[in-house]
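Me: I've got a structure open and would like to go through it piece by piece. Can you take my questions as they come?

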Amino acid sequence: RQNEGGEGPMEWTMLEFQGAIDTNAETLRGIELGDLDFVGKDKVRLRIGKQMLDGSVTSLKKPQAVLSKVASRDVIHDSTSYEVVGVIRRKMLFTTRPNPIIERKVDMRPGGENAGPNYKRSRS
């Protein structure tokens, strides 16, 4: 999100996981990780595919800067500098194992397994 006042670097939020994120892609850049919901003032829930992770939002003791490398080629010498593009002041911490989401197919057809015990088939 944009910093207050609309000036300066963007404010980023760090995601911290215990474990690894497996993907076939070479980089996570541009990949949609999942759906994130805030379930309280400092609680979050992240759904990745058929798994749910519960986490908490905490403030960092010291803010961290997000840098972008800026290379400039000068006739006299090559130099590299860095530009601050973001500041991280808080993180979402996911410390537990993901919970599987089990979706059950509901069969509401007449005579189906979820039609209920009081269902009576009408004769025409």
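Me: Let's start with a strand pairing. Which residue of β3 does Phe38 stand opposite?
Reply: Keep in mind that this is a predicted model. Strand β3 covers residues 43-48, and the residue there that stands opposite Phe38 is Val44.

Me: And what is the bridge partner of Asp35 in β3?
Reply: Asp35 sits in β2, which spans 35-38. β2 and β3 make a hairpin with 4 residues between them. Across it, the bridge partner of Asp35 is Arg47.

Me: Do β2 and β3 run parallel or antiparallel?
Reply: The two strands are joined by 4 bridges. They form a hairpin, and their direction is antiparallel.

Me: Zooming out, how many helices and strands are in the protein chain?
Reply: Read from the N terminus on, the elements go β-β-β-β-β-β. That fits the tally for the chain, which is 0 helices and 6 strands.

Me: What share of the contacts between residues at least 6 apart in sequence joins residues at least 24 apart?
Reply: The salt bridge of Arg89 and Glu11 shows what a long-range link looks like here, with parts 78 residues apart in sequence. For contacts in the protein chain between residues at least 6 apart, the share joining residues at least 24 apart is 51%.

Me: On to charges. How many salt bridges does a search of the whole structure find?
Reply: Side chains of opposite charge can pair when their charged atoms come close. One such pair is Arg89 with Glu11, at 3.8 Å from N to O. Another is Asp54 with Arg45, at 2.7 Å. Over the whole structure, the search gives 3.

Me: Why does the pair of Arg89 and Glu11 tie together parts that are apart in sequence?
Reply: Their side chains meet in a salt bridge. Arg89 lies in strand β5 (residues 78-94) and Glu11 in strand β1, so the link spans parts whose separation in sequence is 78 residues.

Me: Is Glu11 buried or exposed?
Reply: The cut-off for buried is under 20% relative accessible area. Glu11 has 13%, so the label is buried. Its partner Arg89, at 38%, is partly exposed.

Me: How far apart are the closest N and O atoms of Glu16 and Lys91?
Reply: These two form a salt bridge. Glu16 lies in strand β1 and Lys91 in strand β5, so the pair ties together parts that are 75 residues apart in sequence. Glu16 is partly exposed at 26%, while Lys91 counts as buried at 17%. The closest N and O atoms are separated by 2.9 Å.

Me: What is the relative accessibility of Arg45?
Reply: Arg45 meets Asp54 in a salt bridge. Asp54 is partly exposed at 31% relative accessibility. Arg45 also counts as partly exposed, and its value is 34%.

Me: Now the rings. Is the pair of Phe17 and Phe94 stacked or edge-to-face?
Reply: The structure holds 1 aromatic pair. Its ring centres are 5.3 Å apart and the planes of Phe17 and Phe94 meet at 10°; planes under 30 degrees apart count as stacked, so the pair is stacked.

Me: How many residues apart are Phe17 and Phe94?
Reply: Phe17 is partly exposed, with a relative accessible area of 24%, whereas Phe94 counts as buried at 1%. The pair links distant parts of the chain, with Phe17 in strand β1 and Phe94 in strand β5, and the separation is 77 residues.

Me: Which strand does Ser56 lie in?
Reply: Ser56 counts as buried, at 18% relative accessibility. Beyond its neighbours within four places in sequence, Ser56 is in contact with Asp42, Lys43, Val44, Lys91, Met92 and Leu93. The strand covers residues 51-73 and is β4.

Me: What about the surface: which residues make the nonpolar patch of about 240 Å²?
Reply: Patch residues need over 30% relative accessible area. Ile31 meets that at 38%, and is partly exposed. Ile31 lies in the loop between β1 and β2, and the patch is made by Ile21, Leu28 and Ile31.

Me: Last one: what percentage of the residues of the protein chain count as buried?
Reply: The accessible surface of the chain comes to about 10800 Å², with 48% belonging to carbon and sulfur atoms. Phe94 is one of the buried residues. Out of 124 residues, the buried share is 15%.

Notes:
Residues are numbered from 1 along each chain as its sequence is written. This is a predicted model: local features need pLDDT of at least 70, side-chain atom pairs count only at pLDDT 80 or more; totals for chains, interfaces and linings use all residues. Side-chain values use heavy atoms; hydrogens and water are left out. Patches are made of residues with over 30% relative accessible area and no salt bridge: like charges are joined within 9 Å, nonpolar side chains (Val, Leu, Ile, Met, Phe, Trp, Tyr) within 5 Å. Accessible areas come from the Shrake-Rupley method with a 1.4 Å probe; for residues, only the protein chains shown count as cover. A salt bridge is a side-chain nitrogen of Lys or Arg within 4 Å of a carboxyl oxygen of Asp or Glu. Buried means under 20% relative accessible area, exposed over 50%, partly exposed in between (1.4 Å probe, protein chains only). Two strands pair if DSSP finds at least two bridges between them. Rings of Phe, Tyr and Trp (its six-membered ring) pair if their centres lie within 6.5 Å; planes under 30 degrees apart count as stacked, over 60 as edge-to-face and the rest as tilted. Contact means heavy atoms within 4.5 Å.
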